[in-house]
Amino acid sequence: MPTNDLNSLLKEANSVVKRLSFEESMNLINNSETVIIDVREESEVYNLGIIKNAIHIPRGLLEFKLIPGSINNPVKIDDKTNILVYCAGGYRSALAAKTLIDIGFVNVYNLGGFDEWIESGGEIQPNV
């Protein structure tokens with residue numbers, strides 16, 4: 001994919017999906033029904049761990065694992081659930097979050113990057 005196409009996709013995703021600060025993310029996590037989704041590759045999760053209480057669904061599998069209203073979702077997500085998506089640097093999570101919006105989820109946010117989370121004092125856990 002040419003760089004200009006990727007830049008266009010990222011620009012569109014960032015115009016649709018709000019990128020949350022660490023404080024905004026913590027506010028949602030602590031005060032509302034929230035699901036955190038890690039869209040990194042399996043090896044990244046295995047080697048580095050995962051944000052505490054997050055679930056891992058690689059970006060390429062989102063549309064297959066999460067379907068609005070499906071009883072087969074790995075977590076019970078409804079219209080009131082806030083979905084926070086993250087990756088290593090915030091780019092894949094922007095694209096993944098836009099995909100979730102495109103398939104019908106409403107409260108979807110880009111949490112950003114894993115390293116940012118750690119640097120801000122966010123808790124992580126080993127991949128379980």
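What follows is a short exchange about how the labels on this predicted model are justified.

Colleague: What makes strands 1, 6, 5, 2 and 4 one open sheet?

Modeller: The five strands line up in the order 1-6-5-2-4, with parallel pairing. Two strands count as paired if there are at least two bridges between them. Strand 1 and strand 6 have two bridges. Strand 5 and strand 6 have five. Strand 2 and strand 5 also have five. Strand 2 and strand 4 have two. Each of these links meets the cut-off of at least two bridges, so each counts as a pair.

Colleague: Why are strand 1 and strand 4 called edge strands?

Modeller: Strand 1 (18–19) and strand 4 (55–56) each pair on one side only.

Colleague: Which residues show the register between neighbouring strands?

Modeller: Start with Ile 37. Its bridge partner in strand 4 is Ile 55, and in strand 5 it stands opposite Val 85. Val 85 in turn stands opposite Asn 110 in strand 6. Ile 83 faces Val 108 of strand 6. At the strand 1 end, Lys 18 has Tyr 109 in strand 6 as its bridge partner.

Colleague: How do you know that helix 2 packs on the sheet?

Modeller: By contact, which means heavy atoms within 4.5 Å. Helix 2 (residues 22–31) touches strand 1, strand 2, strand 5 and strand 6. Its direction makes about 135° with that of strand 5.

Colleague: And where does helix 5 lie?

Modeller: Helix 5 (residues 91–102) lies across strand 2, strand 5 and strand 6. It runs at about 150° to strand 5.

Colleague: What handedness does the crossover from strand 5 to strand 6 have?

Modeller: Look first at the pairing: strand 5 and strand 6 run parallel. The chain goes from strand 5 through helix 5 to strand 6, and this β-α-β crossover is right-handed. The label applies because the path from the first strand over the helix to the second runs clockwise, with the strands pointing away from the viewer.

Colleague: Why is strand 5 described as largely enclosed?

Modeller: Six of its six residues are buried, so the rest of the structure largely encloses the strand. Both faces are covered. Asn 82, Leu 84 and Tyr 86 are buried on one side, and Ile 83, Val 85 and Cys 87 on the other. Strand 6 is mostly covered, with five of its six residues buried.

Colleague: Which residues touch the most other members of the largest nonpolar core?

Modeller: That core has 17 residues, and the ones in question are Ile 37, Leu 62, Leu 66, Ile 83, Val 85 and Leu 100. Strand 2, strand 5 and helix 5 are the elements that give two or more residues to it. Leu 66 makes a good case to inspect. Beyond four places in sequence, Leu 66 touches Ile 37, Ile 57, Asn 73, Pro 74, Ile 77, Leu 100, Ile 103 and Phe 105. There is also a second, separate core of twelve residues, including Ile 36, Ile 51, Tyr 86 and Trp 117.

Colleague: How many aromatic pairs are there, and what makes the pair of Tyr 86 and Phe 114 stacked?

Modeller: The search of the whole structure finds two. For Tyr 86 and Phe 114, the centres are 6.1 Å apart and the planes are at 20°. The limits are centres within 6.5 Å and planes under 30 degrees apart, so the pair qualifies as stacked. Tyr 86 is in strand 5 and Phe 114 in helix 6 (residues 114–119), so the pair ties together parts 28 residues apart in sequence. Both Tyr 86 and Phe 114 are buried.

Colleague: Why is Arg 59 called partly exposed?

Modeller: Its relative accessible area is 34%. Buried means under 20% and exposed means over 50%, so a value in between is partly exposed. Arg 59 sits in the loop between strand 4 and helix 4 (62–65). Leaving aside neighbours within four places in sequence, Arg 59 contacts Val 39, Arg 92, Leu 95 and Ala 96.

Colleague: Why does Asn 53 count as exposed?

Modeller: Asn 53 has 60% relative accessibility, and exposed means over 50%. Its place is the loop between strand 3 (50–51) and strand 4.

Colleague: What is the sign of phi at Asn 53?

Modeller: Positive, near 70°, in a residue other than glycine. Most residues other than glycine have a negative phi.

Definitions and conventions:
Residues are numbered from 1 along each chain as its sequence is written. This is a predicted model: local features need pLDDT of at least 70, side-chain atom pairs count only at pLDDT 80 or more; totals for chains, interfaces and linings use all residues. Side-chain values use heavy atoms; hydrogens and water are left out. Helices (H or I, at least four residues) and strands (E, at least two) are DSSP runs, numbered from the N terminus. Axes are lines fitted to C-alpha atoms, for helices over the stretch in contact, and angles run from 0 to 180 degrees between N-to-C directions. A nonpolar core is a set of buried Ala, Val, Leu, Ile, Met, Phe, Trp, Tyr and Cys residues joined through side-chain atoms within 4.5 Å. Buried means under 20% relative accessible area, exposed over 50%, partly exposed in between (1.4 Å probe, protein chains only). Rings of Phe, Tyr and Trp (its six-membered ring) pair if their centres lie within 6.5 Å; planes under 30 degrees apart count as stacked, over 60 as edge-to-face and the rest as tilted.
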